[in-house]
Amino acid sequence: MNRTERISRLAYNRGNMPLFPADRDPPRSFRISASRSSSTPPQRPQGSLRARQLIIASVVLARAPFSWLGRRLAPAPAQLAAAALTMLGLLAGSPVRAQMTVEITGVGSQQFPIAVANFFSDSALPEDMAAVIRADLARSGMFRIVEAGPNPIAESAGVNFPDWKSRGADTLAIASAVRLADNRTEIRYRLYDSVKGNQLDGLAYLSSGADLRRIAHRIADRIYESLTGIKGVFSTRIAYVVQYSASRYELQIADADGANPLTALKSPEFIISPTWSPDGNSLAYVSFEKHKTVVYLHNLATGQRRAIASFPGSNSGPAFSPDGRSMALVLTRDGNSEIYTVGLDGGNLRRLTFDPSIDTEPVFSPDGAWIYFTSDRSGGPQIYRMPAAGGDAQRVTFQGDYNISPRISPDGKSLAFIARRSDQFQVAVIDLASEQQLTITDTVRDEAPTFAPNSRLILYATEVGGRGILALASTDGRARARLSGPNGDVREPTWGPFSK
Amino acid sequence: MMLLSFNKGVSNVNTLRVAFLAVAVAFVAAGCSTTKLDDSAAASSTKAAPAPAPAPTPAPAPVKQVDSTPATPIDPLNDPKSILARRSVYFEFDRSSINETDIAVVEAHGRYLVDHSARTVRIEGNCDERGGREYNLALGQRRADAVRERLKVLGVSVSRVETVSLGKEKPRNTGHTDAAWAENRRADIVYK
């Protein structure tokens, strides 16, 4: 275990540290590029309501090649002396550790100032990898990007630490991309603490060339975890629905920054409530393609899908159990909207709620013990929870008369939901231990919050300037960003699990 | 996009209207072909008498209600002046009880369905754009169910009344005003 990991873990264990600076980032937008049309059949002309055909495009999610895991780089010789000193300091119970920790946990904590130099490369790189890393880190709200200048810095170069320190870059990332004899590219990256003058991390990746952007996200994850002690989510994926017109809907999957979108499903009818299976291999969603709502399970690797729930009446609100073996959903087969669980094989259907009011939007707690859901049994919609096998429900939200769309953070500590106040719909978060409630967004037409797998960020749908977009807020409400696509109304985001 | 969405709503309605028209034409055509014989017979026999307007009902007129259908050439469903021309009922925000002013509409359709036992309907519940999609899907279902319940009370078998929720997904009015929202908080009675 290297020093950074230990320090990070210590810092993380302090708990309750404010993770974002008091200064709020201005909204940032970045582009969701167009779908790769080559991977999907062309849109067919629209016919009558009944004649329209569903066009289903499959998405093949490549398995992560081993090279993504990277190979650890030993500190460059020039840094060995500094590293040795650091090691001594660590063993002595050091002020080094204290200093790093203070940066994260202090009241009104700061962003980590970091410079990410342009990659040194012996041939032109198809991706500006340094720019991808900078954008990732900045979007997280936990980093302040220090200008590194236009000149690339090779991974093997000696680093003038006092110079970087004086420029405000307490940390510095540099990297090289070297074309190998077999035409693959080796990406070698190092992360330095320019205050202490030592290496924090170093890794080499082998790339076939097509995955350079993904490797950049992996490096951003390494940097994030090295400095915060929290696992990064930049190499994860998100799914969401885009409505291009009244009769053109697409379920898309993209990198966490919205890049590389792939279309999993095109439909002339609406698609709602997509949600990832815990293993990241499938999506469940509700489709109106049969002119009634049906819940489908869609394998992303094969493009195969099947109806999980197609009972008389409405079928909606799918949510996977944490073990991925069963699903909670909402059916009206027995009258009004009630919550059921069903095995993924379609068997073992069990009804959990018996109430004449609306019961909908079930989600499991990460430990699988509870199902949180929305019910208007008290009048307006509020959030409740009940044992996952059914039983008495307890009301969870009490502020305001309209609280919907519960989601529990993967670490089990927070409940995010949509709260209506004076006709504004905003993402709110309740800390389940302290029961403190906080509104975390500055938008007012919010829907469908979804936690990042590290529980630190919440992606949600909102409307700005008459268009549906996705936006990000940190769980503590201090950092925000917006994702804007080129066209269409974007909605119903769901954040996938950590990538393997 | 919004415009397209609006257009779609309209084209949907138009499609439905065309369907209704087709049904109506079929009805009227059928009615005409059967009455035509009578009419022509009546016309030939009364050829001499010019003044009194001939056609309407050979049977005595006093029967007041619509259920004297055999002789009625036009299905009241297609009479634009009939209350049956109103096919939508409206709701308050987050509510699924039919607005007082629209209850007469449901009751008129209930009576019609009782009188026309071959007809079936689909009730489509809709919501305005505010709030979550799943919750609105459930709310739209409850609105459709509220209409069905009313029809049931009036004596219409529930097997003839299908309900479906469109949630907030198919707004008739894509505006973002109170008026647009009011128009979208709606259940539509669609004859099949």
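## A first walk through a two-chain model

Ser455(A) sits in the loop that links β27 and β28 (457-464) of chain A. This is a predicted model, and this serine is a good place to start. Phi of Ser455(A) is near 70°, a positive value in a residue other than glycine. Most residues other than glycine have a negative phi. Is Ser455(A) buried or exposed? Ser455(A) is buried, because 20 other C-beta atoms lie within 10 Å, and 20 or more is what buried requires.

A second serine makes a useful companion. Ser422(A) belongs to the loop between β24 (414-421) and β25 (424-431) of chain A. Its phi is near 50°, again a positive value in a residue other than glycine. Ser422(A) has 6 C-beta neighbours inside 10 Å and therefore counts as exposed. Chain B offers a loop residue to set beside them: Pro171(B), found between β3 (161-167) and α4 (178-184) of chain B. Pro171(B) counts as buried because it has 23 C-beta neighbours inside 10 Å.

| Residue | C-beta neighbours inside 10 Å | Class |
|---|---|---|
| Ser422(A) | 6 neighbours | exposed |
| Ser455(A) | 20 neighbours | buried |
| Pro171(B) | 23 neighbours | buried |

**The domains of chain A**

Chain A is divided into domain 1 (3-12 + 65-228) and domain 2 (31-61 + 236-495). Where they meet, seven residues come from domain 1 of chain A and nine residues from domain 2 of chain A. On the side of domain 1 that touches domain 2, α4 (129-139) and α6 (212-228) of chain A each supply at least two residues. Which of the elements gives the most to that side? The answer is α4(A), with three residues. By residue type, this side of domain 1 divides into one nonpolar, three polar and three charged.

**Strands in chain A**

One open sheet of chain A has four strands in the order β10-β9-β8-β31, with antiparallel pairing. At its edges are β10 (262-267) and β31 of chain A, each of which pairs on one side only. Neighbouring strands of this sheet are turned by 20° against each other on average, direction ignored. Within the sheet, β8(A) and β31(A) run antiparallel and are joined by five bridges. As one example of a partner, Ala239(A) is bridged to Thr494(A) in β31(A).

Chain A also has a hairpin worth a look. Its strands are β13 (residues 294-299) and β14 (residues 305-309), which run antiparallel and are joined by four bridges. Tyr296(A) stands opposite Ala307(A) in β14(A). Five residues lie between the strands of this hairpin, and Gly303(A) takes a positive phi near 75° there.

**The cores**

In soluble globular proteins, nonpolar side chains tend to be buried together. Here the largest nonpolar core has 126 residues, of which Ile133(A), Ala173(A) and Ile371(A) touch the most other members. α6(A) provides the largest share of this core, eight residues. Where does this core lie? Domain 1 and domain 2 of chain A both give residues to it, so the core lies between them. Not counting residues up to four places away in sequence, Ile371(A) touches several residues, including Ala328(A), Ile339(A), Leu352(A), Phe364(A) and Met386(A). Apart from this core lies another, of 18 residues, among them Val105(B), Leu113(B), Ile123(B) and Ala187(B).

**Chain B**

Chain B has four helices and four strands. Read along the sequence, they follow the pattern α-β-α-β-α-β-α-β. Buried residues make up 31% of the 192 residues in chain B. Among the contacts in chain B with a separation of 6 or more, 70% join residues 24 or more positions apart. To return to Pro171(B), its C-alpha atom is separated by 11 Å from that of Ala182(B), and these two are 11 residues apart along the chain.

**Where the chains meet**

How many residues of each chain are in contact? The contact involves 33 residues of chain A and 22 residues of chain B. On the chain A side, β8 (237-245), β11 (271-276), β15 (315-320), β19 (359-364), β23 (403-408), β27 (447-451) and β31 (489-495) each supply at least two residues. The residues on that side of chain A divide into 13 nonpolar, 15 polar and five charged. Two of the strands named here, β8(A) and β31(A), are also the pair joined by five bridges in the open sheet.

Methods
Residues numbered from 1 in each chain as written. Chains lettered and ligands numbered in written order. Predicted model: local features only at pLDDT ≥ 70, side-chain atom pairs only at ≥ 80, totals over all residues. Contact = placed C-beta atoms within 7 Å. Nonpolar A, V, L, I, M, F, W, Y, C, P; charged D, E, K, R; others polar. Pairing = 2+ DSSP bridges. Buried ≥ 20, exposed ≤ 12 C-beta atoms within 10 Å, placed from the backbone. Axes fitted to C-alpha atoms, helices over the stretch in contact; angles between N-to-C directions. Domains from an automatic or database assignment. Core = buried A, V, L, I, M, F, W, Y, C linked by C-beta atoms within 7 Å.
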